[in-house]
Amino acid sequence: MSNDSGARTGVTRRQVLATSAATAFVAAASSKASALTFTQLPEWSPFAHNPPPTAPPGDHWQFFTADEAATIEAIVDRLIPADDLSIGGKEAGCAVFIDRQLQGFFGTFARLYMEPPFGKGTPAQGDQSPLVPQQRYRFGLAELEQYCQSEHQASFKELNGDQQDQILSALEQGEIHFEKYPSADFFALVLQNTKEGFFADPVYGGNKDMVSWKMIGFPGARYDYRDYVEKHNQTLDLEPLSIGGGTHWNHQG
Amino acid sequence: MATKLPATDVVVVGLGWAGSILAHELAEEGLNVIGFERGPWRDTAQDFNIASAPDELRYSARQELMLRTRQNTVTMRNNTSQTALPMREWGSFHPGNGTGGAGNHWAGITYRYDPSTFRLKSHLIERYGQQAYNDSNLTLQDWGTDWDEMEPHYAKFEAIAGTSGKAGNIKGEIQEGGNPFEGPRSGEYPNPPLKQPYGPTLFAKTAAEMGYKPYYVPSSLVSRAYTNPLGVTMGPCTYCGFCTNYGCANYSKASAITTILPALIRKPNFIAKTNSEVHRVTLDGSGKRATGVIYTDASGRTWEQPAELVIVAAFILENVRLMLLSGVGTPYDPRTGKGTTGRNYCYQTANNAQLFFKDKNFNPFIGGGAVGMGIDELNNDNFDHSGLGFFGGGSTRVTPIGAAPIGNTPVPPGTPKWGGQWKRAVKEHYLGNMSVGCEASSYAQQGNYLSLDPTYKDPHGYPLLRMTFDFPDNDMRMAQYVTDKIGEIGERMGADQVVKTPRTRPWNNLSYQSSHMTGGFLMGSDPSTSSVNKHLQTWGIPNLFVVGASAAPQNPGFNPTGTVGALAYKAADAIRRLYLKNPGEMIG
Ligand SMILES: Cc1cc2nc3c(=O)[nH]c(=O)nc-3n(C[C@H](O)[C@H](O)[C@H](O)COP(=O)(O)OP(=O)(O)OC[C@H]3O[C@@H](n4cnc5c(N)ncnc54)[C@H](O)[C@@H]3O)c2cc1C
Ligand code: SF4
């Protein structure tokens, strides 16, 4: 995830392209990251305020405990089940995606206004919870585990698919009572993040091999449709491209 | 305590569209200009690189380019009986931050308002009578200017932005293929229209068969390589579909950073101070003269920058907040309808019809924020409102902005939200759906206004802006009417399913509607009901100009930025032509 302090090593394809794009357009005046007063032509410093994302490193979980991760993997695999259309949410990397998001600025709502008082408000006033996503997940998963243990004497991940679906539906409807963070809100957050993981660029850890893009026919990070815009009502069958490259660039042989 | 800096000629607060225009025009005049921008310096090569720009999670879902609410947000409520709460995450609208402002991630639709808009109240009373106007319960006002005064400034803004389109009315002659409801233009658009994908093409064909007059949506995503009058070159739009909420990597989308700042930053008499947030405008003891601004820089130090001329161009929300914080004008009182600062806050009434086709492929990922076709028969007072029970209307358009899949995989109502059935529906409908939008007017009523929040503060301890707003009855009736009409067009286009979504109350922060907020520091000819005169000069403080959509007394069924740009050129022209020769109030 592109976080504000993201340390980066080596020169990536993006940086190389960034440099050549810069030389092609000398007209663009720019700045040195540290200088805040600009006169005349400032120096150019790529991605000074926020570097682009890099693929999440490593196999280990960054935010979730092993148990939490197993539960989330089971959930995302029911929200996006494997079938003839695509692999399931787990194999697509949705849980990895959520883990990395929670470890980044999203997990702490670092960019959001989180000053008290936290009034209840009307539905129109939107999310007013004082809890940040890291807490919402931690509390929600713990209460889900408690519920499954007391109702089924088993972990969510040990239940069969039908049982899991029933529980998820009950969460969605707010029919299971959670103390710390409402179950319906917890479900909505997990669903939103799961879909983000399924559809976002694979550099964030989900959407393995651009599986969702291939499924629906979205060509991804292509940037030029001038030759296609007037091809009306035609199937274009464009191979999708990620900001990390194409499938064939990332596999050897 | 603020440390006082050496004085300068001009300070400009905000380096988005309006501020960059004013800063450039006044620097041209030879004045020493300092531009303050609360966000970072942004430019295309550095921030919107082609290899990282098309990233839906980063730019759209996580709102990378928007002002972070932690730095500043607004509080909201629907009426005065409720307690306003902060927008902790942007939902309804998406304010910008950094040079270019919201103009970096805007959609680029560049309208001129129609002539009747500038004298709306007078026009409606003339056409429908005083009684019908009174019955509407609206608090409309005239602008104190007119089409003839605005036209040259619209033309200037379009030339800077490279606006692409087809004129509908040149010097009174209606032009085939353009929007016949346009006011008379002095000339053609600077660039020809963009190419059109299938969705807008099918819409335009059907609308024409139904007797409407389809036109190319005027677009500041340029259709070809273009060098503007400042010598800044833009590249042709590639219909990349990562446009609204994103920066453009092709130098195709007009923004201050692609059209003005590259020329302005080279001027030795201009300085940009970024990551520098202005807190208020200082006034002298008489309250009749602005003396400069107080701001905090990135290191957290607070300074006073004295200046002869103060221009506030910080987007509608911050324009109004800065005026309230600086004690400029009388705060508006919703009980009495008296007071000017915060008055006539309006929004946009966004309506939609989603169309699902079984047998069509729109390739919805091809497009851009302003790529599309529209009709104007349902807008403003372009149709007879006698007996309808409402005034106003909207511009009806099909503008495929792109269809990155986190936010653009609609499924028919009743589909489960997850699981195998949901996934099947997503796949089935992705390529075959499109939507018809109607961006409709928002008219003022007494209870809608802007003020300072009594509870919530920004990180510097200054009160947040509080928004008290809900859609008037008038606008709700209008929304039903226009949405039924666009639904009819959808049916005629042959959609298998038409899902009509007229805007409904209460106004909420749950989903994006538009960033077209207006009012709060109105333009007019009467100081008891307006804040600035027709030159955007503050009544009673002649060296303070407040420029932006804050000046609009109510919002027509059009996007605002063509008019924001024109107002900025109008103010600059008055300062250059009149004010500098005789620094005082310029009434005439
Ligand atoms: C997603 C989106 C799509 C849009 N699409 C369209 C469209 O298609 N057509 C259209 O007409 N309009 C559209 N708009 C609206 C358009 O972006 C605005 O109307 C336009 O940018 C307004 O120009 P401005 O100069 O008033 O404000 P901005 O361009 O936002 O510039 C204001 C600047 O002031 C700075 N600032 C604010 N407060 C302070 C302070 N206290 N101190 C220092 N600096 C400050 C801000 O950071 C910002 O850079 C869209 C907006 C959004 C967000
Ligand atoms: S659609 Fe055109 S203007 Fe918009 S971002 Fe893409 S190339 Fe730029």
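Let's start with chain A, which has ten helices and one strand. Keep in mind as you look around that this is a predicted model. If you walk along the sequence of chain A, the order of elements is α-β-α-α-α-α-α-α-α-α-α, so to speak a helix, then the strand, then helices to the end. The chain has 253 residues, and 47% of them count as buried. Its accessible surface adds up to about 11800 Å², with carbon and sulfur atoms making up 51% of that. As for how the chain is held together in sequence terms, take the contacts in chain A with a separation of 6 or more: 59% of them are between residues 24 or more positions apart.

One local detail in chain A deserves a stop. Find the loop between α5 (105–108) and α6 (133–152) of chain A, where Pro117(A) sits. The peptide bond that joins Pro116(A) to Pro117(A) is cis, with omega at about 0°. For background, most peptide bonds are trans. We'll meet another cis bond in chain B further on.

Now for the place where the two chains meet. How many residues of each chain are in contact with the other? On the chain B side there are 92, and they touch 102 residues of chain A. Interface size is often quoted as the accessible area lost when the parts come together. Here, the area buried between chain B and chain A is about 7900 Å², and 61% of it comes from carbon and sulfur atoms. Which three residues of chain B supply more of the area it buries against chain A than any other three? They are Arg62(B), Arg88(B) and Trp418(B), which together give 12% of it.

What about polar links across the interface? Between chain B and chain A there are 35 residue pairs in polar contact, counting pairs with both residues at pLDDT 80 or more. Several elements of chain B each bring at least two residues to the side that touches chain A, among them the helices α2 (44–47), α3 (56–61), α6 (198–209) and α10 (419–430), and the strands β4 (74–77) and β20 (449–457). The largest share, eight residues, comes from α10(B). Sort the residues on this side of chain B by type and you get 46 nonpolar, 23 polar and 23 charged. The count of salt bridges between the two chains is four. In a salt bridge between Asp84(A) and Arg424(B), the closest N and O atoms are 2.7 Å apart.

Next, head into chain B itself and look for Asn379(B), in the loop between β17 (373–375) and β18 (394–398). Is Asn379(B) buried or exposed? It is buried, because its relative accessible area is 0%. Beyond its neighbours within four places in sequence, Asn379(B) is in contact with Gly393(B), Gly394(B), Ser395(B), Gly557(B) and Phe558(B). With Gly394(B) there is a polar approach too: a polar atom of the Asn379(B) side chain lies 3.4 Å from the backbone nitrogen of Gly394(B).

The loop between β16 (349–356) and β17 of chain B holds Gly367(B). Gly367(B) counts as buried, because its relative accessibility is 1%. Leaving out residues up to four places away in sequence, Gly367(B) touches Tyr239(B), Cys240(B), Gly241(B), Pro400(B) and Ile401(B). Tyr569(B), by comparison, is 202 residues along from Gly367(B) in sequence and 30 Å away in space, C-alpha to C-alpha.

Asn363(B) is also in the loop between β16 and β17 of chain B. Its phi is near 40°, a positive value in a residue other than glycine. Most residues other than glycine have a negative phi. Asn363(B) counts as buried, because its relative accessibility is 4%. Tyr251(B) is another non-glycine residue with a positive phi, about 55°. Look for Tyr251(B) in the loop between β10 (233–234) and α7 (256–259) of chain B; at 7% relative accessibility, Tyr251(B) counts as buried.

Finally, here is the cis bond in chain B: the peptide bond runs from Arg505(B) to Pro506(B), with omega near -10°. Pro506(B) is in the loop between β22 (497–501) and β23 (518–520) of chain B.

Definitions and conventions:
Residues numbered from 1 in each chain as written. Chains lettered and ligands numbered in written order. Predicted model: local features only at pLDDT ≥ 70, side-chain atom pairs only at ≥ 80, totals over all residues. Heavy atoms only, no water. Helix = DSSP H or I, 4+ residues; strand = E, 2+ residues; numbered from the N terminus. Buried < 20%, exposed > 50% of the residue type's maximum accessible area, 1.4 Å probe, protein only. Contact = heavy atoms within 4.5 Å. Areas by Shrake-Rupley, 256 points an atom, 1.4 Å probe, with all protein chains shown as cover. Buried area = accessible area lost by both parts, 1.4 Å probe. Salt bridge = Lys/Arg side-chain N within 4 Å of Asp/Glu carboxyl O. Polar contact = N/O pair within 3.5 Å; in protein donor to acceptor, adjacent residues only side chain to side chain. Nonpolar A, V, L, I, M, F, W, Y, C, P; charged D, E, K, R; others polar.
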